[in-house]
Amino acid sequence: MIGDGAGDADNTPDRTDDDTFADILAFVEDELAFATSHYNDSYLDRRISSRMRRTQSESYDAYFDILRNDPDEQAELLEALSINVTGFFRNPDVWSGIRTVLRQLTATTDTVRVWSAACADGREPYSLAMLARDDPQIDGSAVYVLGTDISEPALETARAGVYEESRTVDLDEQLSYLDDYHQYLDVDGRTYRVCDNVRRNVRFQRHDLINDEPKSGFDLVVCRNLFIYIDNAYKESMLDTIARSLRPAGYLVIGKAETIPPNLKSAFTVREARLRIYQREMRETNAGQSDRRANSSQ
């Protein structure tokens with residue numbers, strides 16, 4: 001954090017940068033309803049410092065004055081705090097593992113429901129839908145994808161399904177995981193528009209994985225590169241939300257830099273450690289059958 005919090009030479013206690021930083025976090029949590037307490041301070045400080053540079057604020061105090069009185073800056077900070085790093089088919093080797101999971105699921109389930117949590121601008125949910133349609137061993141028409149995020153601007157982009165290539169973003173390279181992506185996207189110069197045959201099985205809604213209730217009936221949850229920003233104290237509740245959202249024996253994929261700590265006593269077992277693919281534990285019913293079958297009609 002900015003500053004060392006030192007007092008004056010006469011040791012008179014001054015208000016420190018750490019105090020104001022804490023006040024900013026409290027304001028964002030209490031007034032703007034963003035759960036800052038769940039995130040690492042280093043991550044929060046990086047995002048707030050970025051907004052300080054944008055607003056030419058030389059101290060936390062100066063930035064806090066702007067934040068309290070400027071609704072536009074409040075919206076900008078919330079957008080900055082939303083984790084929005086994404087891409088089509090990010091980490092291709094992981095997508096090979098996801099392909100295998102979808103093959104297994106479609107072989108045993110008439111309808112496969114996939115939740116892409118913290119999906120940012122929608123490229124991950126669309127990647128899932130394109131992969132399902134591209135693989136001859138997967139019935140793409142039976143795979144339904146829900147993408148969720150806390151950022152409304154990101155969800156607006158996701159729902160539109162239109163992506164602009166820039167000097168720093170090579171969409172053609174991102175999509176090279178597929179042999180011929182042109183059957184799924186219309187390309188006009190640097191503009192890529194997701195085709196209706198992909199969009200029809202993908203929908204989006206706002207959901208806060210930290211504060212909102214679990215969902216239900218999903219066969220696969222993809223939640224990549226969120227947990228690295230979350231304090232360990234809150235990971236267990238988030239994993240519990242995901243577990244309760246999955247059908248028994250459903251799958252979870254997290255980011256390659258992430259792990260589920262053993263001490264969390266989660267409901268998951270490792271299926272592909274290198275690819276960070278886990279599976280929810282099966283539970284036996286009183287009749288001796290797994291509750292995966294009991295829930296197959298959901």
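A residue counts as buried when its relative accessible area is under 20%. By that cut-off Phe218, at 2% relative accessibility, is buried. The legends below all refer to a predicted model.

**View 1. The whole protein chain, with 11 helices and 10 strands.** The chain has 298 residues, and 49% of them count as buried. About 14800 Å² is exposed, and carbon and sulfur atoms supply 42% of that area. Contacts reach far along the sequence: among those between residues at least 6 apart, 71% join residues at least 24 apart.

**View 2. Confidence along the chain.** The mean pLDDT is 84, and 86% of the residues reach 70 or more. Among the elements, strand E1 (residues 112-116) has the highest mean, 98. Helix H11 (residues 291-294) has the lowest, 36. Over residues 1-15 the pLDDT is below 50; this stretch has 18 contacts in the model beyond near neighbours in sequence. Residues 284-298 are also below 50, and that stretch has 20 such contacts. Where pLDDT is low, the predicted coordinates should not be read in detail.

**View 3. Helix H5 and the elements it packs against.** H5 (residues 92-108) has 17 residues. Its first and last C-alpha atoms are 25 Å apart, close to the 24 Å expected at 1.5 Å a residue. The buried residues of H5 are Val94, Trp95, Gly97, Ile98, Arg99, Val101, Leu102, Leu105 and Thr106. An α-helix has 3.6 residues a turn, so residues three or four places apart point the same way. The buried residues of H5 pack against helix H6 and five strands: E1, E2 (143-149), E7 (218-223), E8 (246-254) and E10 (277-280).

**View 4. Helix H6, largely enclosed by the rest of the structure.** H6 covers residues 123-134. At 1.5 Å a residue, its 12 residues should span 16 Å, and the end C-alpha atoms are indeed 16 Å apart. Of these residues, 10 are buried, so the helix is largely enclosed. The buried set runs through Arg123, Glu124, Pro125, Tyr126, Ser127, Leu128, Ala129, Met130, Leu131 and Ala132. Tyr126 also belongs to an aromatic cluster, together with Phe88, Tyr163 and Phe204.

**View 5. Strand E10 between E8 and E9.** E10 pairs with E8 in the antiparallel sense over 3 bridges. Here Leu252 stands opposite Tyr278. E10 also pairs with E9 (residues 268-272), again antiparallel, over 4 bridges. In this pairing Thr269 stands opposite Gln279. In a regular strand the side chains alternate between the two faces of the sheet. Both faces of E10 are covered. Ile277 and Gln279 are buried on one side, Tyr278 and Arg280 on the other. The hairpin of E9 and E10 has 4 residues between the strands, and Arg276 takes a positive phi near 60° there.

**View 6. Two of the 10 aromatic pairs in the structure.** A pair of aromatic rings is described by the distance of the centres and the angle of the planes. Phe27 and Phe64 sit edge-to-face, 5.8 Å centre to centre, with 70° between the planes. Phe27 lies in helix H1 (residues 17-31) and Phe64 in helix H3 (residues 60-69), so the pair links parts of the chain 37 residues apart. Both Phe27 and Phe64 are buried. Trp115 and Phe218 form a tilted pair, 5.7 Å centre to centre, with 35° between the planes. Trp115 is in strand E1 and Phe218 in strand E7, so this pair ties together parts 103 residues apart in sequence. Trp115 is buried, at a relative accessible area of 0%.

**View 7. Positive phi at Ala120 and Asn225.** Most residues other than glycine have a negative phi, and most peptide bonds are trans. Ala120 is not a glycine, yet its phi is positive, about 55°. Ala120 lies in the loop between E1 and H6. At 1% relative accessibility, Ala120 counts as buried. Asn225 has a positive phi of about 65° and is not a glycine either. Asn225 lies in the loop between E7 and helix H10 (232-245). At 15% relative accessibility, Asn225 is under the 20% cut-off and so counts as buried.

Note on methods
Residues numbered from 1 in each chain as written. Predicted model: local features only at pLDDT ≥ 70, side-chain atom pairs only at ≥ 80, totals over all residues. Heavy atoms only, no water. Helix = DSSP H or I, 4+ residues; strand = E, 2+ residues; numbered from the N terminus. Expected span 1.5 Å × (residues − 1). Buried < 20%, exposed > 50% of the residue type's maximum accessible area, 1.4 Å probe, protein only. pLDDT = per-residue confidence, 0-100. Contact = heavy atoms within 4.5 Å. Areas by Shrake-Rupley, 256 points an atom, 1.4 Å probe, with all protein chains shown as cover. Pairing = 2+ DSSP bridges. Phe/Tyr/Trp six-rings, centres within 6.5 Å; stacked < 30°, edge-to-face > 60°.
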